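Open your viewer and get ready to click along. This tour goes from the whole chain to a pair of helices and then to two single residues.

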Amino acid sequence: MKHYELTYLISPDLSEEEAKSCQEKIISLIQEVGGTLGEVKTPVRKKMAYPVRKKSSNGAYLSTLNFHLDPEKLGSLEKKLKSEQKILRYLILKKKILKKIPEILIEKPKRIVRPKVELKEIEKKLEEILGET
């Protein structure tokens, strides 16, 4: 089983309760194809930058959920999501789960401390380099 994230927009014509029931329907679609749920976020009304499916840009419900599913069954889930009229748009991403964080990311870089140099020493070196001594 692979780990996926589904982000989707629900029609703005629905009430909050209807949006939650639509989310429950999406969860049941995932479970029908043999998926198991992870984290589920409640739908939040967001303003859209442009109309989607000829719906005004006054807003839509945005939600995200994580699930595990066999890659072979992903196509049947997508067909069911496309047939749902209340879903304006969706995106399914394959997520990678890090089992161990590399030690390079954990260690803080060491700060290089350079000794302070006085102005007289710099002027002396410049004179030596330029040959003015």
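Contact here means heavy atoms within 4.5 Å. With that in hand, select the whole protein chain: among its contacts with a separation of 6 or more, 71% are accounted for by residues 24 or more positions apart.

A word on what you are viewing. This is a predicted model, in which local features need pLDDT of at least 70 and side-chain atom pairs count only at pLDDT 80 or more, while totals for chains, interfaces and linings use all residues. Residues are numbered from 1 along each chain as its sequence is written, and side-chain values use heavy atoms, leaving out hydrogens and water.

**Stop 1: the whole chain**

Switch to a cartoon view. You should find 4 helices and 5 strands, taken as DSSP runs (helices H or I, at least four residues; strands E, at least two) numbered from the N terminus. Followed along the sequence, the pattern is β-α-β-β-β-α-β-α-α. Of the 133 residues, 29% count as buried, that is, under 20% relative accessible area with a 1.4 Å probe, protein chains only. The chain exposes about 10,500 Å², with carbon and sulfur atoms supplying 54% of it; this area comes from the Shrake-Rupley method with a 1.4 Å probe.

**Stop 2: two helices**

Now select residues 16-32 (helix 1) and residues 74-83 (helix 2). How do their axes cross? They come within 9 Å and cross at roughly 155°, which makes helix 1 roughly antiparallel to helix 2 (angles over 145 degrees count as such). The axes are lines fitted to C-alpha atoms over the stretch in contact, and angles run from 0 to 180 degrees between N-to-C directions.

Show side chains next: Ile26, Leu29, Ile30 and Glu32 in helix 1 meet Leu77, Lys80 and Leu81 in helix 2. The residues of this contact divide into 5 nonpolar, no polar and 2 charged.

**Stop 3: Leu81**

Stay in helix 2 and centre on Leu81. Leu81 counts as buried because its relative accessibility is 2%. Beyond neighbours within four places in sequence, Leu81 contacts Leu6, Ile26, Leu29, Ile87, Tyr90 and Ile92. Try a distance label to Tyr8, too: 73 residues apart in sequence, the two C-alpha atoms are 9.8 Å apart.

**Stop 4: Ala60**

Finally, jump to Ala60 in strand 4 (residues 60-69). Is Ala60 buried or exposed? At 0% relative accessibility, Ala60 counts as buried. Not counting residues up to four places away in sequence, Ala60 touches several residues, including Leu9, Ile10, Val44, Met48 and Leu88. Pro43 lies 17 residues away along the chain, with 9.3 Å between its C-alpha atom and that of Ala60.

Methods. Parallel < 35°, antiparallel > 145°, perpendicular 65-115°, else oblique. Nonpolar A, V, L, I, M, F, W, Y, C, P; charged D, E, K, R; others polar. Buried < 20%, exposed > 50% of the residue type's maximum accessible area, 1.4 Å probe, protein only.
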